[in-house]
Amino acid sequence: MRRVKACVFLFLGAGVLCQLRAQADFKLAGREVQMHSFASEGVIYTNNNNYLTMNTTDGASFTDMGVVLSSRITSRLRVGAQVYDRDIGHLQQWHPILDWASVDYSFSDAFGVRGGKVKTALGLYNQTQDLEFGQTWALMPQAVYPLDLRSRTLTHTGLDLYGRIKLSRAGGLAYTVYAGTRPNDTAA
């Protein structure tokens with residue numbers, strides 16, 4: 001119980017700090033660091049369908065939250081990480097995880113390299129899945145973004161090659177090529 005309280009206090013404290021100014025900027029070793037956070041709360045109520053390991057026939061709540069830290073080291077080099085936690089049935093009950101952490105070097109608009117535990121480009125919303133303000137719904141479409149497989153669909157440990165190639169009359173072509181392994185984290 002102490003762990004739950006400490007975790008909730010950490011996330012709420014970070015969330016309050018960020019919400020007071022929309023984002024928190026501070027200096028660390030002479031570098032500007034940005035901190036953002038999000039939190040969402042939802043309720044599921046169904047009849048005869050215990051969805052996502054919850055007793056939803058009586059109504060069940062679920063909560064998720066995260067804290068993101070990022071910094072631009074040079075004009076081409078950026079580092080960032082997100083700590084994520086949730087309480088959704090038996091899927092994850094207040095066990096914070098390092099959701100993603102990456103180093104990103106952009107040689108130009110047409111070519112960049114990203115490595116670490118990187119967000120995987122999958123579907124329309126995966127790279128922005130944790131941007132709560134961009135969603136009017138509590139759950140993403142479960143056929144594409146299943147909550148019980150979040151860690152396997154959201155990130156991979158490896159390398160991305162990415163960029164945007166300008167096309168003279170058609171705008172541009174954005175690409176991401178990735179290689180690595182997907183986590184097999186059953187707790188997240």
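**Salt bridges and strands in a predicted model**

Good morning. I begin with one pair of charged residues: lysine 27 and glutamate 32 form a salt bridge, and their closest N and O atoms lie 3.8 Å apart. Please keep in mind throughout that the structure before you is a predicted model.

How accessible are the two partners? Lysine 27 counts as exposed, because its relative accessibility is 59%, and the cut-off for that word is over 50%. Glutamate 32 has a relative accessibility of 37%, so it counts as partly exposed.

How many salt bridges does the structure hold? There are three. I shall come to the others after a brief overview of the chain.

The chain has two helices and nine strands. Along the sequence their order is α-β-β-β-β-β-β-β-α-β-β. The chain has 188 residues, of which 35% count as buried. Its accessible surface amounts to about 11300 Å², and carbon and sulfur atoms account for 60% of that area. As for contacts, consider those between residues separated by 6 or more positions: 49% of them join residues 24 or more positions apart.

Let us now turn to strands 6, 7 and 8. Strand 6 covers residues 97-108 and strand 7 covers residues 111-119; the two pair in the antiparallel sense, over seven bridges. The connection between strand 6 and strand 7 is a hairpin of two residues. To find one of the bridges on the structure, look for valine 103, whose bridge partner in strand 7 is glycine 115.

Strand 7 also pairs with strand 8, which comprises residues 155-167; these two strands run antiparallel and are joined by eight bridges. Here you may look for glycine 112, whose bridge partner in strand 8 is tyrosine 162.

With these strands in view, we can return to the salt bridges. Which residues are linked in a network of salt bridges? They are Asp104, Arg114 and Asp160. Let us take the network one pair at a time.

In one pair, arginine 114 forms a salt bridge with aspartate 104, and the closest N and O atoms are 3.0 Å apart. Arginine 114 belongs to strand 7 and aspartate 104 to strand 6, so this pair ties together parts that are 10 residues apart in sequence.

In the other pair, the side chain of arginine 114 meets that of aspartate 160 in a salt bridge with an N to O distance of 3.4 Å. This pair links distant parts of the chain, since arginine 114 lies in strand 7 and aspartate 160 in strand 8, 46 residues apart.

Are the members of this network buried or exposed? The cut-off for buried is under 20% relative accessible area. Arginine 114 has 16%, and therefore counts as buried. Aspartate 104 is buried because its relative accessibility is 14%. Aspartate 160 has a relative accessibility of 1%, so it too counts as buried.

Some of these strands also contribute to a feature on the surface. Tyr105, Phe107, Phe111, Leu159, Leu161 and Val177 make a nonpolar surface patch of about 500 Å². At least two residues of this patch come from strand 6, and at least two from strand 8. One patch residue to examine is leucine 159, which lies in strand 8. Leucine 159 counts as partly exposed because its relative accessibility is 41%.

I shall close with two further residues. The first topic is serine 70, in strand 3, which covers residues 60-72. Serine 70 has a relative accessible area of 13%, so it is buried. Which residues does serine 70 touch, leaving aside those up to four places away in sequence? They are Glu32, Val33, Gln34, Arg78, Val79 and Gly80. Glu32 in that list is the residue that forms a salt bridge with lysine 27. With arginine 78, the side chain of serine 70 makes a polar contact of 3.4 Å.

The next topic is arginine 152, which is found in helix 2, residues 150-154. Arginine 152 counts as partly exposed, because its relative accessibility is 34%. Along the chain, arginine 152 and threonine 120 are 32 residues apart, and their C-alpha atoms are separated by 9.2 Å.

To summarise, strand 7 pairs with strand 6 and also with strand 8, and Asp104, Arg114 and Asp160 are linked in a network of salt bridges. Thank you for your attention.

Notes. Residues numbered from 1 in each chain as written. Predicted model: local features only at pLDDT ≥ 70, side-chain atom pairs only at ≥ 80, totals over all residues. Heavy atoms only, no water. Pairing = 2+ DSSP bridges. Helix = DSSP H or I, 4+ residues; strand = E, 2+ residues; numbered from the N terminus. Patch = residues over 30% accessible without salt bridge, like charges linked within 9 Å, V, L, I, M, F, W, Y side chains within 5 Å. Areas by Shrake-Rupley, 256 points an atom, 1.4 Å probe, with all protein chains shown as cover. Salt bridge = Lys/Arg side-chain N within 4 Å of Asp/Glu carboxyl O. Buried < 20%, exposed > 50% of the residue type's maximum accessible area, 1.4 Å probe, protein only. Contact = heavy atoms within 4.5 Å. Polar contact = N/O pair within 3.5 Å; in protein donor to acceptor, adjacent residues only side chain to side chain.
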